[in-house]
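User: I would like a close look at a single residue and the chain around it. Could you walk me through that part in one connected answer?

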Amino acid sequence: IPQASRFLFMKNKVRMICDCYAKPVKVYQDERLSFDLTLCGSTLRASHSCHLQYMKNMGSVASLVLAVVVKEGEEDDNPDPNQEPQSKRKRLWGLVVCHNTTPRFVPFPLRYACEFLMQVFAIHVNNEVELENQIREKNILRTQTLLCDMLLRDSSLSIVTRSPNIMDLVKCDGAAFLCRNKVYTLGVTPTESQIREINQWLSEYHVDSTGLSTDSLHDAGYPNALSLGDIV
């Protein structure tokens, strides 16, 4: 879904096209208005010509589109006025699109009932997403507990030589473990010499930190990041 359309569906969650062959009516703005007129909240707003042609190609004459909007986070009981407004925590999860092969006008009571149905459906989607997140968090905690137990009972090499290993905790394509001046690797990793260079850089520039987490070694300031190519 294009970003501009996402914005419009967040503003107006029900979009109705009664007849894609109908000629749009021009709207003239009074020259005395100091701001541009916007119809993003109007149900009768004309559609883009590309979308109308898309409907004609499908043999669809009328359509009713309902937005499914879900929340990305929990609402705060006492929101901080300095934080972003709650509306920005919502996102467009998907669309329910109804087509008709003949012109059709959907009356407001029916559109309102459909919008309420989408709100109920969005609540169920939120519950499913929350349940999935809880299951994932439990699996992470279980794997973390197993790895910690392996570290306490066995040698530190167990997190890369046994199962589960460190890659089961941190979903990644590869992992490297430097222990007693020996390199142990899992999955796709840089070469041993490159890993030692990264370790030397970390020891020199991040010796006082408990660790480094970054999406890009280049952005983190590692001078030889470009030589790693697409591996890291």
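Analyst: Happy to, and contacts make a good start. Counting contacts as heavy atoms within 4.5 Å, residues 24 or more positions apart make up 55% of those in the protein chain with a separation of 6 or more.

Before going on, please note that this is a predicted model, in which local features need pLDDT of at least 70, side-chain atom pairs count only at pLDDT 80 or more, and totals for chains, interfaces and linings use all residues. Residues are numbered from 1 along each chain as its sequence is written, and side-chain values use heavy atoms, with hydrogens and water left out.

Now to Ile140, which sits in helix α3 (residues 108–153); helices here are DSSP runs of H or I with at least four residues, strands are runs of E with at least two, and both are numbered from the N terminus. Ile140 counts as partly exposed because its relative accessibility is 38%, between the cut-offs for buried (under 20%) and exposed (over 50%), with a 1.4 Å probe and protein chains only. From Ile140 to Val65 there are 75 residues in sequence and 38 Å in space, C-alpha to C-alpha.

Stepping back to the whole, the protein chain has seven helices and five strands, in the order α-β-α-β-β-α-α-α-β-β-α-α from the N terminus. Its C-alpha trace spans about 75 × 45 × 40 Å along the principal axes. As for burial, 24% of the 232 residues of the protein chain count as buried.
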